[in-house]
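Work through the exercises below with the sequence and the model open. Each task is followed by a solution in steps.

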Amino acid sequence: TTIQYRIDKSPGVVTSTLPLNNEYYGGLGYSGEGLIAGKPRSVISGNGLDEGGGGTYAGLATVSIAIKDFDAGLFWDGSSGFTLSGSNASRWRVVTSTANWHYSSGSPETFPTWVSGRKYQVFYKSTDVVNKPSSESNLHEFIYDTSIPTVTLLSPDPTGSAYLKSLTIISGTAVETGSPYYSNYLSSAQISIEEVPDSNKFWRA
């Protein structure tokens, strides 16, 4: 009788596709001209693979993630909030599937409710079918932001005369406050110029 067996010493590899690292999420976007896509964060997803330097590998049994509220220093508990310390093994949430995994509401737990102005970090790891764990992957972190910037018109002066001889520049300011993560965050400011009294006629550059 011949007995064959394979030795698998290689840990699994887990990668993340969402969220993107060092990204901002939470904006509702804009559906009008100059479309800006919304950026909700309602799923965390990625890929997992058990592989090494050639040969056949056991395959992954589970992929787990740990979601941390960076500002509170606590991890998501799967149902009620960010209540777990970094030393608590229960901070790890088992996700759905392994090769193309995801974690979202109802699969099988409650998804976190993000708070605007806070930073979140996601850690990843896997265990293969011979119970060999991987090390924690490099974390991905993101800022959640649902606040609305404040835009102020400076030129032409909105408190000045409605009649002008000329206008060579339109200028103003745009700021977003409420979180230290918002510094240097605004990517663009937009204006629209409407001709009145002929309403609904706008300048097209």
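**Exercise 1. Overall surface and content**

How many Å² does the protein expose, and what percentage of it do carbon and sulfur atoms supply? Then describe the secondary structure and the burial of the chain.

Solution. Note at the start that this is a predicted model.
Step 1: The exposed area of the protein is about 13300 Å², and carbon and sulfur atoms supply 53% of it.
Step 2: The secondary structure consists of 0 helices and 12 strands. Read from the N terminus, the elements are β-β-β-β-β-β-β-β-β-β-β-β.
Step 3: The protein has 205 residues, of which 32% count as buried.
Step 4: Take the contacts with a separation of 6 or more; residues 24 or more positions apart account for 62% of them.

**Exercise 2. A sheet**

Find the order of the strands in the sheet that contains S3, and state whether the pairing is parallel or antiparallel.

Solution.
Step 1: This open sheet is formed by 3 strands in the order S1-S3-S8, with antiparallel pairing.
Step 2: Strand S1 (12-18) and S8 are the edge strands, since each pairs on one side only.
Step 3: On average, and with direction ignored, neighbouring strands of this sheet are turned by 25 degrees against each other.
Step 4: Between S3 and S8, the antiparallel pairing runs over 5 bridges. One example is Ile44, whose bridge partner in S8 is Tyr103.
Step 5: As background, strands of a sheet pair through backbone hydrogen bonds, in either a parallel or an antiparallel sense.

**Exercise 3. Salt bridges**

How many salt bridges does a search of the whole structure find? For the pairs of Glu23, Glu109 and Asp128, give the partner and the distance between the closest N and O atoms.

Solution.
Step 1: The search finds 6 salt bridges.
Step 2: Glu23 pairs with Lys39, and their closest N and O atoms are 3.1 Å apart. This pair links distant parts of the chain, 16 residues apart: Glu23 belongs to strand S2 (residues 23-25), while Lys39 is in the loop between S2 and strand S3 (43-50).
Step 3: Glu23 has 25% relative accessibility and therefore counts as partly exposed. Lys39, at 30%, also counts as partly exposed.
Step 4: Glu109 forms a salt bridge with Arg93, with 2.7 Å between the closest N and O atoms. Glu109 lies in the loop between strand S8 (100-104) and strand S9 (118-128) and Arg93 lies in strand S7 (residues 93-94), so this pair ties together parts 16 residues apart in sequence. Arg93 is buried, at a relative accessible area of 9%.
Step 5: Asp128 forms a salt bridge with Lys132, the closest N and O atoms being 2.4 Å apart. To judge burial, use the cut-off of under 20% relative accessible area. Asp128 has a relative accessible area of 2%, so Asp128 is buried. Lys132 has 17%, so Lys132 is buried.

**Exercise 4. A nonpolar patch**

Which residues form a nonpolar patch on the surface, and what is their accessible area together?

Solution.
Step 1: The patch is made of Leu153, Leu164, Leu167, Ile170, Ile191, Ile193 and Trp203.
Step 2: Together these residues have about 740 Å² of accessible area.
Step 3: One of them, Leu153, sits in strand S11 (residues 150-155). Its relative accessibility is 39%, so Leu153 counts as partly exposed.

**Exercise 5. Backbone details**

Is the peptide bond from Leu18 to Pro19 cis or trans? Examine also the bond between Ser155 and Pro156, and phi of Asn22 and of Ser97.

Solution.
Step 1: Begin with the general expectation: most peptide bonds are trans, and most residues other than glycine have a negative phi.
Step 2: The bond from Leu18 to Pro19 is cis, with omega near 5 degrees. Pro19 is in the loop between S1 and S2.
Step 3: Ser155 and Pro156 are joined by a cis peptide bond, with omega about 5 degrees. Pro156 is in the loop between S11 and strand S12 (171-175).
Step 4: Asn22 has a positive phi, near 60 degrees. Asn22 lies in the loop between S1 and S2, and is exposed, with a relative accessible area of 54%.
Step 5: Ser97 has a positive phi of about 70 degrees. Ser97 lies in the loop between S7 and S8 and, at 41% relative accessibility, counts as partly exposed.

How values were computed
Residues numbered from 1 in each chain as written. Predicted model: local features only at pLDDT ≥ 70, side-chain atom pairs only at ≥ 80, totals over all residues. Heavy atoms only, no water. Salt bridge = Lys/Arg side-chain N within 4 Å of Asp/Glu carboxyl O. Helix = DSSP H or I, 4+ residues; strand = E, 2+ residues; numbered from the N terminus. Buried < 20%, exposed > 50% of the residue type's maximum accessible area, 1.4 Å probe, protein only. Pairing = 2+ DSSP bridges. Axes fitted to C-alpha atoms, helices over the stretch in contact; angles between N-to-C directions. Patch = residues over 30% accessible without salt bridge, like charges linked within 9 Å, V, L, I, M, F, W, Y side chains within 5 Å. Areas by Shrake-Rupley, 256 points an atom, 1.4 Å probe, with all protein chains shown as cover. Contact = heavy atoms within 4.5 Å.
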